[in-house]
Amino acid sequence: MEHNTDNRQNKGKKSKTIFALVLAVAILVSFVGGYFSFYLINGRTAFVAAEVSRIMKNVGYVVDPVTGEMRELTDEDIADALVNSFLDDYSDYYTAEEYRKIKAEGKGRYDGVGLSFFSLSTEIGKVTLNSPADKSGLQKGDVVLCGNSYGQEKIDFKTSEEVYNFLVAAPSEKQITLTVVRGGEQKDFSFYKSEYKASYVTYYDSQTVLRFRSEEPNGKLIAQSEKIENVLGLGDDTAYIRLEQFEGDAADQVENALEFMEKQGRTKLILDLRDNGGGYVNIMSDIAAMLIRNDGKGNMVVASYEGKNKSGVFKSGAYNFFEHLTTISVIANERSASASECLIGALISYGDIFSEDRLVIEKNSQGVAKTYGKGIMQTTYRLISGGAFKLTTARILWPNGNCIHGKGIYTSEINSVDSADAIIRAEQTLG
């Protein structure tokens, strides 16, 4: 978990079976908290590390995993080995280029396709809103069979890693076509790799959908509404907001959606945090301020942290509670992590229009309904070289003192549901 303007959130431990195909660097975001960004200061520890690094660089070699040839160790090899071999799974080392990309992604600027797979299967786990993949019509749940880059023969895929490698290698100037299975039918979807600005919020009520889109790859996101059938089966007093990540201008999008909800005359809200792995603490606290009754003052404690040398609190932003909200239900799943769990904790701690009996959690493949369980904070130290490394430095507490790290959040048996029943059950909890 990290905390400042340069600070992101990590939804889970590293896994060889998880591929985030935003086609920048396949690195997942850190946790709700702040980037306490500092340059390293010389000292005894730094001297020892420097001496070990000098020896490794002077006499060490590594077998290149691609070519099989022996090559000299680089500074990046050494830093990556020290951080990733000896520290916990939430610590990491970033080269200057990786760190630049991570900071850009935290502001909602991506480069690539916008597909994520949560296992080795080729079933799409997530499509980033406003990405090339999203605009092409690809959807979560589509199973990728094969693909080709314009002018090449189609390649069959057996694993998500194969899809990932294909997309990474595809030239940006060549059209990419993926063949997927959806509802028992094969469909083709075409797009180009490009820069894009991610959107994080989708709004539905019984008559309307509101999305945030841009015409140009990196253009300004504009709220676009259209009349639709009641695809989610919502009541006339209920609105549904899906929040994908706590990044970029997600808080502004939530504010816009809540204002639209008020104009539509809806008073009950279903907030969907499924697959939301976290983001920035300041964005989470801004959104919390909109959903917790705060008498127009803001500045409420939404979480606290306890570290070896420093403890403190995270307070809500200047946003005010939306008075038209009377009841909130929240949907989560096993990939709802960090900032998502912190927001749930703040809502539970302050009660009022939300309570634990309105928390609906989707069952995983083992039939267990719980969130991920990340309640620790990472601090990112920026190196003079332009790179950075991230260390675990504190644990996170809800306003009521609860820490869910390693445990996650559970719900009642009646609110532990299959995916298809989640929205139905969430609306039932609203009364």
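1. Lys-187 and Glu-185 form a salt bridge in this predicted model. The closest N and O atoms of the two residues are 3.9 Å apart, which places the pair inside the 4 Å limit that defines such a bridge. Lys-187 has a relative accessibility of 30% and therefore counts as partly exposed. Glu-185, at 48%, is likewise classed as partly exposed; the class of exposed residues begins over 50%.

2. A salt bridge also joins the side chains of Arg-182 and Asp-142, with an N to O distance of 2.8 Å. This pair links distant parts of the chain, the two residues being 40 residues apart. Arg-182 belongs to strand β10 (residues 176-182), while Asp-142 sits in the loop between α4 (132-136) and β8 (143-149). The surroundings of the partners should be noted separately: Arg-182 is partly exposed at 22% relative accessibility, whereas Asp-142 is buried at 2%.

3. The side chains of Arg-242 and Asp-272 meet in a salt bridge at 2.8 Å, N to O. Arg-242 lies in strand β16 (residues 238-243) and Asp-272 in strand β17 (residues 268-272), so the bridge ties together parts that are 30 residues apart in sequence. Arg-242 is buried, with a relative accessible area of 15%. Asp-272 is buried as well, its relative accessible area being 0%. Both values fall under the 20% limit for buried residues.

4. Arg-242 and Asp-272 also belong to a network of salt bridges. The other residues linked in this network are Lys-126, Lys-140, Glu-244, Arg-274, Asp-275, Glu-334, Arg-335 and Glu-362. As general background, side chains of opposite charge can pair when their charged atoms come close.

5. Which network residue has its place in strand β7? Lys-126 does, in a strand that covers residues 126-127. Lys-126 is buried, with a relative accessible area of 15%. Its side chain reaches the backbone oxygen of Asp-275 at 3.3 Å, and Asp-275 is itself a member of the network.

6. The contacts of Lys-126 deserve a separate remark. Apart from its neighbours within four places in sequence, Lys-126 is in contact with Gly-114, Leu-115, Ser-116, Phe-118, Glu-244, Gln-245 and Asp-275. Among these contacts, Glu-244 and Asp-275 appear in the salt-bridge network together with Lys-126.

7. For the model as a whole, the count comes to 19 salt bridges. The pairs discussed above are included in that count, among them Lys-187 with Glu-185 and Arg-182 with Asp-142.

Note on methods. Residues numbered from 1 in each chain as written. Predicted model: local features only at pLDDT ≥ 70, side-chain atom pairs only at ≥ 80, totals over all residues. Heavy atoms only, no water. Helix = DSSP H or I, 4+ residues; strand = E, 2+ residues; numbered from the N terminus. Buried < 20%, exposed > 50% of the residue type's maximum accessible area, 1.4 Å probe, protein only. Polar contact = N/O pair within 3.5 Å; in protein donor to acceptor, adjacent residues only side chain to side chain. Contact = heavy atoms within 4.5 Å.
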